[in-house]
Structures are given as structure tokens and as C-alpha cells.
Amino acid sequence: MGFSFLTQELAMDLGTANTVILVDNKVVVDEPSIVAFDQTTGKPIAFGQKARLMHEKTHPNIKTVRPLRDGVIADFNAAEQMIRGFVKMINYKRSFFTPNLKMVICIPKGSTEVEIRAVRDSAEHAGGRDIYMIFEPMAAAMGIGLDVEAPTGNMVVDIGGGTTEIAVISLGGIVTSQSIRVAGDVFTSDIQQYMRQQHNIKVGELTSEEIKIRIGAAIPELENTPDPFIVRGPNLMTAHPVEIAVTSQEIAHCLDKSLAKIEAAVLQVLEQTPPELYQDIVERGIFLTGGGALLRGLDKRLYDKMNIPFHVAEDPLRAVARGTGLALKNSSRYPFLMR
């Protein structure tokens, strides 16, 4: 189908940290979910990566906003501007008409009616005509190639930026699930706090994020340990510049509490799983998706805790987006899409 002259179809993974948009199963936008506004006019001046480069480096006339917090829209106006900006990135070549937009957007399973409404309204204001919603764990399962309509149990743990979504899926529906607000953003702020308390050094959000990506780990003993990461910043007391080498062991230690919360939620979902499906899950293992799946040693840590194998999906960052794209292709076929 693709572009007919007047309808454009796109699948959107509107994430707390990143937004990915697919058209015809191709990723056309993959940008951080962030907008920069000119404070005097209130107009957006940059989106995505450009805005991220300004984050925490602005003067009073420019403000950067992350419109989503914990997987849901926290700033309605900014969300709408951001969606509009990203859709424009696709359409910059064909600006002489505005196509009808058909969108499938994925949302956290724990979203309230009000939060779902906010996503729909933002998408409508940004030009969406036909809007469908899909729950994130369902999209993640489809994105890694699981047969969600089969009568077998599949379990997915999707650790995104704002939420961790845990779900057991069978027969095209979510049998039992948990959505907790402990995910990538919490890991980042754990690292920020740790640097402050342990090393007396002040680091910003972007630096903490980089530490997490470069040396983030879920267990202290890794098979191949990354080199320590050098962090530069002001000493909290003296404001003199300091340099500190941070190891992945330290990061595993500082993320321990948050990871324990995720483990507890996974166990809770397993407790609520019907025994017939539980059997399938033990046989097939549990699938990890989302950026959090990239934490070194996470699969091993979870396996040691639960005695069920965990598999890190390939390209876990894009799994939800890919699944949303598949749902868009077959939107008439899937009963679990919400209008």
C-alpha cells in the first residue's frame, strides 16, 4: 500500500527516550524524544538529536523539553509539536499537500484512559486521521518475530526509557502483565546520584546516559569487562575539575536496587500466569527487548534469579517499532488494535 496519493501510513513508537517512525516497514525517523522551544515566541526550534545536543546547555531564552515521562505524555503541547516535527521530517520532500495520516502508535500497557486519550489527541492535533493504538509488550513480541496469535505462552520483558513492560501473551491477547516505572531513565538517575554520593562529582543527564551505555552492567562479574570510563566534572565541594575512572562493577552495584524491582515485577507476572502457559514459557525462555536489554549481563542475572532462560532479542531498541509496523500492515486483521 505505502503512499497512495492521499493517505500516508506510519507506525510510531512514541517512547520516553526515543521516538521511532516506520513507513513501509523502513525506519524513517529514529530520534531522541526531545524538543527545544524559543521561550520568547513559544515556537519549537529543534527536534530530536538537534534538541538533545542543546539539552542542559541552554540559556534562559531556550528551553528543552522531554514531553514524555514514565512512558506517558507529561507535556501535551510539547508532545504535539514533537510529533508534528517528526512527521514533517518524513514529508519535507512533498510539502505541497498534507496527506491523510493513518497511524498506529504504541502505548504502555499500564496507561490509564486519560493517558491514552492524551496520546490520541496529540496525534490528531499533529494531523493524524485514522489512529490505532497497540500495547507495547504486544508490539515488542511481534517485533521479535513471536507468533502472538498461537495458543502458546510467550513472555516479553520490554525495558524502555520510562517503563518496563512485562507481559505474557497468548492467542493474540495479553494474559497477564505488569507495567512499572523503573526503566532506563531511572538507571540514568541512579548513576547520577551514585556519582554525586560516591565520587562527589556532579554529572548531567547526558553524561550519565553515556556512562550507562558505555559500561552499564547488571552483574559485577562480566565475561568481558569494558574498560573503565573516564568522567570529568566539577567536585561538589570545591567546583575544581576532577577526573574519575568509573568501572562497570560500580555501575552494577548502583543499579542493583532498581534491577531488583524489575525482578520482583517479573516474578509477580510469573505467579499470575496460568500453569499451562507457564510451561511454555519455561521451555521457550523469556524475551528481553528495549534499550534496557542491552545492559551487560542482564540475561545472566535474571536467569540466576529465576532459573528460566532469558534471551536478548536482536536489535532490541527497535523491536517495539518493528512490531508496530507489522500491526500497521495488517491493521484489519489484528483484533488487539484499539481505535
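**A five-stranded sheet and the helix across it**

In this predicted model, Ala 167 has Ser 177 of strand β13 as its bridge partner. The pair belongs to a ladder worth following by eye: β12 (residues 164-170) and β13 (residues 173-180) run antiparallel and are joined by seven bridges. Two residues separate these strands in a hairpin, and in its turn Leu 171 adopts a positive phi of about 55 degrees.

The hairpin can next be placed in its wider setting. Both strands belong to an open sheet of five strands, ordered β13-β12-β11-β16-β17, in which the pairing is mixed. Because β13 and β17 (310-312) stand at the edges with a single partner strand each, one side of each is left without a neighbour in the sheet. On average, neighbouring strands here are turned by 20 degrees against each other, direction ignored. Parallel pairing is found between β11 (residues 154-159) and β16 (residues 286-289), which share four bridges; there, Val 157 stands opposite Leu 288 of β16.

Across the five strands β11, β12, β13, β16 and β17 lies helix α7 (residues 248-271), which runs at about 155 degrees to β13. The largest nonpolar core comprises 41 residues, and Met 155, Met 195 and Val 266 touch the most other members. Helix α7 is the main contributor to this core, giving nine residues. Leaving aside residues up to four places away in sequence, Val 266 touches Met 155, Val 157, Ile 166, Met 306 and Phe 310. A further core of 30 residues lies apart from this one, and includes Val 23, Leu 101, Ile 105 and Ile 116.

Conventions:
Residues are numbered from 1 along each chain as its sequence is written. This is a predicted model: local features need pLDDT of at least 70, side-chain atom pairs count only at pLDDT 80 or more; totals for chains, interfaces and linings use all residues. Side-chain values use heavy atoms; hydrogens and water are left out. Two strands pair if DSSP finds at least two bridges between them. Axes are lines fitted to C-alpha atoms, for helices over the stretch in contact, and angles run from 0 to 180 degrees between N-to-C directions. Contact means heavy atoms within 4.5 Å. A nonpolar core is a set of buried Ala, Val, Leu, Ile, Met, Phe, Trp, Tyr and Cys residues joined through side-chain atoms within 4.5 Å. Buried means under 20% relative accessible area, exposed over 50%, partly exposed in between (1.4 Å probe, protein chains only).
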